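Q: I have a chain open on my screen and a few labels I would like to understand. Could you walk me through how each one is earned?

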Amino acid sequence: ETMGLTNLICMIPFCRTLTEADKVIETMAEEGLVRGPDFQIYVMCEIPSNVILASEFAKRFDGFSIGSNDLTQLTLGVD
């Protein structure tokens, strides 16, 4: 089914590793959700590995959304 929507951004939460990022993008593509001008995929930057590997995550996703509350708690090891 085609809905004709444009300018959509899908946000992926808690993507811990680059392998996990690749699998998420692959699974989405299998379901017809492919990155393009009308469909972007962002990752939520909410765990320390997202910051440490930001340049690598940036190669896979169109952008980041900063999850400062989770990022702070996980960086400091607080619950």
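A: Happily; here are the labels one by one, each set against its definition.
This is a predicted model, where local features need pLDDT of at least 70, side-chain atom pairs count only at pLDDT 80 or more, and totals for chains, interfaces and linings use all residues. Residues are numbered from 1 along each chain as its sequence is written, and side-chain values use heavy atoms, with hydrogens and water left out.

Q: What makes a stretch a helix or a strand here, and how many of each does the chain have?
A: Both are DSSP runs numbered from the N terminus: a helix is H or I over at least four residues, and a strand is E over at least two. By that rule the chain has four helices and three strands. Their order along the sequence is β-α-β-α-α-β-α.

Q: What makes E1 and E2 a pair of strands?
A: Two strands pair if DSSP finds at least two bridges between them. E1 and E2 (residues 39–45) are joined by five bridges, so they qualify, and they run parallel. Among the facing residues, Met11 has Tyr42 in E2 as its bridge partner, while Ile12 stands opposite Val43 in E2.

Q: Why are E1 and E3 called edge strands?
A: The sheet is open, with its three strands in the order E1-E2-E3 and parallel pairing. E1 (8–12) and E3 (63–66) each have a single partner strand, so one side of each is left without a neighbour in the sheet. The twist from one strand to the next averages 35°, an angle taken between the N-to-C directions of lines fitted to C-alpha atoms, on a scale from 0 to 180 degrees.

Q: How do you know that Asn50 is buried?
A: Buried means under 20% relative accessible area, exposed means over 50%, and partly exposed lies in between (1.4 Å probe, protein chains only). Asn50 has 0%, so it is buried. This residue sits in helix H2 (residues 48–52).

Q: What does Asn50 touch?
A: Contact means heavy atoms within 4.5 Å. Not counting residues up to four places away in sequence, Asn50 touches Cys15, Met44, Cys45 and Phe57.

Q: Is Arg60 buried or exposed?
A: Arg60 has a relative accessible area of 19%, which is under 20%, so it counts as buried. Its place is in helix H3 (residues 54–60). Leaving aside neighbours within four places in sequence, Arg60 is in contact with Leu18, Ala21, Asp22, Ile25 and Arg35.

Q: What makes the pairing of Arg60 with Asp22 a polar contact?
A: A polar contact is a pair of N or O atoms within 3.5 Å; within protein, one must be able to donate a hydrogen and the other to accept it, and residues adjacent in sequence count only if both atoms are side-chain atoms. The side chains of Arg60 and Asp22 make such a contact at 2.8 Å, so the distance falls within the limit.

Q: Which residues make up the largest nonpolar core, and what makes it a core?
A: A nonpolar core is a set of buried Ala, Val, Leu, Ile, Met, Phe, Trp, Tyr and Cys residues joined through side-chain atoms within 4.5 Å. The largest one has ten residues: Ile12, Cys15, Leu18, Ala21, Met28, Phe39, Ile41, Val43, Phe57 and Phe61. Helix H1 (18–30) and E2 each supply at least two of them. In soluble globular proteins, nonpolar side chains tend to be buried together. One core member, Met28, is in contact with Cys10, Ile12, Leu33, Phe39 and Ile41, leaving aside neighbours within four places in sequence. E2 itself has a covered face of Phe39, Ile41, Val43 and Cys45, and an uncovered one of Gln40, Tyr42 and Met44.

Q: Why is Phe14 called partly exposed, while Asn7 and Glu30 are called exposed?
A: Phe14, in the loop between E1 and H1, has 38% relative accessibility, so it lies between the two cut-offs. Asn7, in the segment before E1, has 63% and Glu30 has 57%, so both count as exposed. Glu30 belongs to helix H1.

Q: What is noted about the phi of Asn7 and Phe14?
A: Most residues other than glycine have a negative phi. Asn7 has a positive phi of about 60°, and the phi of Phe14 is near 45°, also positive.
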